[in-house]
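Trainee: I would like to learn how to read burial, salt bridges and ring pairs from a set of coordinates. Can we work through one case together?

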Amino acid sequence: MDTPQYNTDIVRSFILWSVIWGLVAIVVGLVVSVQMTNPELNFPPYFTFGRLRPLHTNAGIYGWAVGVIFATFYYIVQRLCKVRIWSDKLATFQLWFFNATIIAAAISLLLGFNTSKEYHELEWPVDIMVVVLWVAFAINIIMTIIKRQEEQMYISLWYMMAAIIGVAILYLVNAAEVPVSLFKSYSIYAGTNDANVQWWFGHNAVAMVLTAPPLAMFYYFLPKTTGVPIYSHKISIISFWSLIFMYLWTGTHHLLWTPVPDWIQTLAMAFSLMLIAPSWGSVINGYLSMKGQWHQMRDNYLVKFLIIGITFYGLQTLQGPMQAIRSFSAFIHYTDWVPAHIHMGTMGWVSMIAFASIYYLVPRIYGKELYSIQLANLHFWLILIGQLIWSISLWIAGVLQAGMWNAMNPDGSLTYTFMETMVEMYPYWWARTIGGVIFLAGVLVFVFNLIKTIRGGESLVSSAVPVEGRA
Amino acid sequence: MWEKRPILFLILATAAIMTGTTITMIVPFLSVNTEADRIESVKPYTPLQQEGRDVYIREGCNNCHTQTVRPLVSEVLRYGEYSKSGEFVYDRPFLWGSKRTGPDLARLGGKYPDAWHYKHMASPRTMIPGSNMPDYGWLSKNPLDPDLARRKMKVLDFPYTEKQIADLATKNEMDAIVAYLQKLGNDIPWRKAAQTTIVGDLKNPFIGNKDAIEAGEHLYENSCAPCHGEDRQGEIGPELTDIDMDDADLYEIIHNGISDGGMPAFGSLGSEKVWQLVNYLKEKDDD
């Protein structure tokens, strides 16, 4: 059979733009980080913490993570289905509409048009753009799968399809709002109901954007990189179905001790603990796939990114359920512990896998050797150290502040005023900023390495890494 | 079989996703915001308060402030009565937040006088030393839009009068956000219910104790000076240089506040610290 002519231009473009939006997310992240310690660096009305923080999270999730998802899914789906994507035109439309949406999102957030719902701040006109974008993507991926030349659908395709449906359901339900003007709307849900819907969305956006898609990448790129297959197909099946079944019950663990009915909180807590099993199913499947291949951790920089990435996924999915237990939540919730948890996931898991995927793709779609493996290793260590400083300093800060919030005198009064606890946070917030700077340095090394590879890298001569899909 | 049939796969995946969704997200609509959790005294926002709420949303205040008090000892002591579902039926969207870089605001309404809020919003650090809140004085330069406000009230189906709408023309965004903050948590009479009744004789345990006076001075600088002035000369609150009041009465005022006069209750500091303040205030008095 002839090798199909794959569309690689679309993969190139999405990689380029996702890296650009990723840089924006990190830089804005650093700005809000410094604003926490130096409030005089707020420049109203557009550049205050309250407006920039949603820009940071939206650029990170919708620009960087979703951009990489688009790039890698278009690459993976063509290989696993052995056909070119269903529609090149639709994909090109999607690329430019993606950038238009991210720009519209950034501008509207700076102008203060926001719904206040976390990770769903965009007002209704931009919401509609997001929906159009996702529908275009969904059609293209699903149609490619339907007209595939390979009967069996590999694990990565399952996670892709689940993510596509999941995001669609979550986003549409949580977006239900009544417009008052072009830039202002009110949620159709009120109070406790609104909170419950929002965190059903919020937590499962993590499942469907920051868990299922990176797993799709991991299951594809790990065997491709090591040259040995995934250890157990059975574990993959069990992990997949139990993951997408259980995740949806857990959103309310963000709302423990709030007025949301107790029974929902209890279900959320129970399912969060059960979720350890399918999460670790993938972690263990990944580890066991390395059997006899552990030397590649030393020889192959890509394996290092992938295995450390899945390790942080494992840590993340132990820490998460711990926070979902009522008694621990009572102590730690609302402190800096929580952003530390999130950033272990985004910087340690999602970004590690995203970087690995891009390192895998770029030489193949450009037909160039990677400019420097040493620089890739430097990149690895900088982002690892940066993220550890970031998270560990704020875990300490969170425990410290939670302890002070709960401290009581013998006469039953509180030991500390709120401000006495808050001012203790400053040194840790500074440490977090330093962690962020180191992480950014690592990403700049990565970008430099990519540019050098694409611009001047040596052409691939060995047939080990064939240039795929170029005529 | 499902591994070879994408349409079947999509149906199964949707079913898996919708199971938990139905039970934990759709079913609760049957009981939440119904007669079951209704609180009669909770009222919708006035046009001015709603405008303030929208400023709160626009400026992303919910990124640093929560609005829900959990039923935990330290939390109720710090912020007040724990939050009830029925208190939020007019909140579209909800604003419970997820991070307390600043304190919870669910029970802020009525804690401080309006003048405190105007001053604090314009310059947080003059009122709260060490705060990292941005300045929001610029809000007072932004007028409100009465026509848009009317449209909002119609969409939300809240009662309003044309006079309330017309009055917005004379107000600005700062007036609106202060009006909103003063409503927070105030629809149930929790402040009265939470007030401690002091029983028995109050006896000053620190008379003439220099350490207590020094500690009281430190407490004064942090908790009292923003309203009563560095030198007790009075600003938002009255001057405190010449207090003609016995120790027990002074203790009671600091401990319980004066709700009509805008004096917050400082009972959460604990009796020891309140006595330290009493001794500091009385000691300077004797000079």
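Mentor: We start with a charged residue: B:R100 is buried, with a relative accessible area of 1%. Keep in mind that this is a predicted model.

Trainee: Which side chain meets B:R100 in a salt bridge?

Mentor: The general idea is a distance test between a side-chain nitrogen of Lys or Arg and a carboxyl oxygen of Asp or Glu, with a cut-off of 4 Å. Here the partner of B:R100 is B:D104, at 3.4 Å from N to O. B:D104 is buried as well, with a relative accessible area of 6%.

Trainee: Which residues are joined into one network by salt bridges that share partners?

Mentor: The network consists of A:R51, B:R58, B:E59 and B:E173. Over all chains, the search of the whole structure finds 28 salt bridges.

Trainee: What does B:R38 pair with, and at what distance between the closest N and O atoms?

Mentor: B:R38 forms a salt bridge with B:E35, where the closest N and O atoms are 3.5 Å apart. B:R38 also forms one with B:E40, at 3.2 Å between the closest N and O atoms.

Trainee: Are B:E35 and B:E40 buried or exposed?

Mentor: Read the relative accessibility against the cut-offs: under 20% is buried and over 50% is exposed. B:E35 has 62% and therefore counts as exposed. B:E40 counts as exposed too, at 59%. B:R38, at 42%, counts as partly exposed.

Trainee: Now a helix. Which residues of helix 4 of chain B are buried?

Mentor: Helix 4 of chain B spans residues 114-122, and B:W116, B:H117, B:H120 and B:M121 are buried in it. To read such a list, look down the helix axis: the buried residues of helix 4 of chain B fall within an arc of 120°, so they line one face of the helix.

Trainee: What covers the buried residues of helix 4 of chain B?

Mentor: The cover includes helix 5 (124-127), helix 8 (173-183) and helix 10 (210-228), which belong to chain B.

Trainee: How many aromatic pairs does the structure hold?

Mentor: There are 57 over all chains. One of them is A:W64 with A:F355, a tilted pair with 5.4 Å centre to centre and 40° between the planes. A:W64 is in helix 2 (residues 49-81) of chain A and A:F355 is in helix 14 (residues 337-366) of chain A, so this pair ties together parts 291 residues apart in sequence. Both A:W64 and A:F355 are buried.

Trainee: How do A:Y159 and A:Y219 pair?

Mentor: They are stacked, with 15° between the planes and 5.8 Å centre to centre. A:Y159 belongs to helix 5 (residues 155-174) of chain A and A:Y219 to helix 7 (residues 212-226) of chain A, 60 residues apart. A:Y159 and A:Y219 are both buried.

Trainee: Which residues do ring pairs link into a cluster?

Mentor: The cluster holds A:W64, A:Y301, A:F305, A:F355, A:Y359, A:F380, A:W381 and A:F446.

Trainee: Which charged residues lie over the face of A:W390 and of B:Y82?

Mentor: A:R432 lies over the face of A:W390, at 5.1 Å from the ring centre. For B:Y82, the residue over the face is B:K84, at 3.8 Å from the ring centre.

Conventions. Residues numbered from 1 in each chain as written. Chains lettered and ligands numbered in written order. Predicted model: local features only at pLDDT ≥ 70, side-chain atom pairs only at ≥ 80, totals over all residues. Heavy atoms only, no water. Buried < 20%, exposed > 50% of the residue type's maximum accessible area, 1.4 Å probe, protein only. Helix = DSSP H or I, 4+ residues; strand = E, 2+ residues; numbered from the N terminus. Arc of directions from axis to C-beta. Contact = heavy atoms within 4.5 Å. Phe/Tyr/Trp six-rings, centres within 6.5 Å; stacked < 30°, edge-to-face > 60°. Lys NZ or Arg CZ within 6 Å of the ring centre and 35° of its normal.
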